[in-house]
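Biologist: Could you take me closely through one part of this model, the hairpin at the start of the chain and the charged side chains connected with it? I would like a connected account rather than a list.

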Amino acid sequence: DLVVDREKRKVTICDKEIILTLKEFELLYLLMKNRGIALTRERILESVWDYSYDGGTRTVDVHITALRQKLGEYGDLIETLRGVGYRFGGISN
């Protein structure tokens, strides 16, 4: 029921569009593309933000929280790996 369309930059759940910011979209896409793989906060920062971003890894946690809220029950598919980072553990994209 969770669909991410990279070309249209559109996320839907049960055919209802979910409005995400650019970074939330890129974060969700990265996690889904690497389903089942543990991604460190640093790797997420490098992929979604860039090497020159100086905001620290806490920004990843803030965006994950916002993304989980917007995804509702599907937010539970984003797993927190204590001391490591995050992993998308559910359905594939």
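Modeller: What follows begins with the hairpin, goes on to the salt bridges, and ends with the other strand pairings.

The model is a predicted one, and every value below is computed from it. Strands E1 (2-5) and E2 (10-13) pair in the antiparallel sense over 4 bridges, and within this pairing Val 3 has Thr 12 of E2 as its bridge partner. The two strands form a hairpin with 4 residues between them, and in that turn Arg 9 has a positive phi of about 55°. In a regular strand, side chains alternate between the two faces of the sheet. E1 can be read with this in mind: Leu 2 and Val 4 make up its covered face, whereas Val 3 and Asp 5 lie on the uncovered one.

Just ahead of the hairpin, Asp 1 is found in the segment before strand E1. Asp 1 counts as exposed because its relative accessibility is 58%, the cut-off for that class being over 50%. Asp 1 also belongs to a patch of negative charge on the surface, in which it gathers with Asp 15, Glu 73 and Asp 76.

The turn brings us to the salt bridges. Side chains of opposite charge can pair when their charged atoms come close. Arg 9, the turn residue with the positive phi, meets the side chain of Glu 26 in a salt bridge, at 2.4 Å from N to O. This pair links distant parts of the chain, since Arg 9 sits in the loop between E1 and E2 while Glu 26 belongs to helix H1 (residues 22-33), 17 residues apart. The two partners fall into separate classes of accessibility: Arg 9, at 37%, counts as partly exposed, whereas Glu 26, at 16%, counts as buried, because the limit for burial is under 20%. Arg 9 and Glu 26 are also joined with Arg 6 into one network through salt bridges that share partners.

Helix H1 holds a further charged residue of this kind, Glu 24. Glu 24 forms a salt bridge with Lys 70, the closest N and O atoms being 2.7 Å apart, and this pair again links distant parts of the chain, with Lys 70 in helix H3 (residues 58-71), 46 residues apart from Glu 24. Here Glu 24 counts as buried, at 5% relative accessibility, while Lys 70 is partly exposed, with a relative accessible area of 33%. The count of salt bridges in the model comes to 6.

Another of these salt bridges joins the side chains of Arg 87 and Glu 79, at 2.7 Å from N to O. Both residues are partly exposed, Arg 87 with a relative accessible area of 26% and Glu 79 with one of 27%. Their residue numbers fall within strands E6 (residues 85-88) and E5 (residues 78-81), which run antiparallel and are joined by 4 bridges. In this pairing Leu 81 stands opposite Gly 85 in E6, and the hairpin of E5 and E6 has 3 residues between the strands, with Gly 83 taking a positive phi near 80°. E6 also pairs with strand E4 (residues 39-40), in the antiparallel sense over 2 bridges, where Gly 85 is the bridge partner of Thr 40.

Methods
Residues numbered from 1 in each chain as written. Predicted model: local features only at pLDDT ≥ 70, side-chain atom pairs only at ≥ 80, totals over all residues. Heavy atoms only, no water. Patch = residues over 30% accessible without salt bridge, like charges linked within 9 Å, V, L, I, M, F, W, Y side chains within 5 Å. Areas by Shrake-Rupley, 256 points an atom, 1.4 Å probe, with all protein chains shown as cover. Salt bridge = Lys/Arg side-chain N within 4 Å of Asp/Glu carboxyl O. Lys, Arg positive; Asp, Glu negative; His and termini not counted. Charge placed at Lys NZ, Arg CZ, Asp CG, Glu CD. Buried < 20%, exposed > 50% of the residue type's maximum accessible area, 1.4 Å probe, protein only. Pairing = 2+ DSSP bridges.
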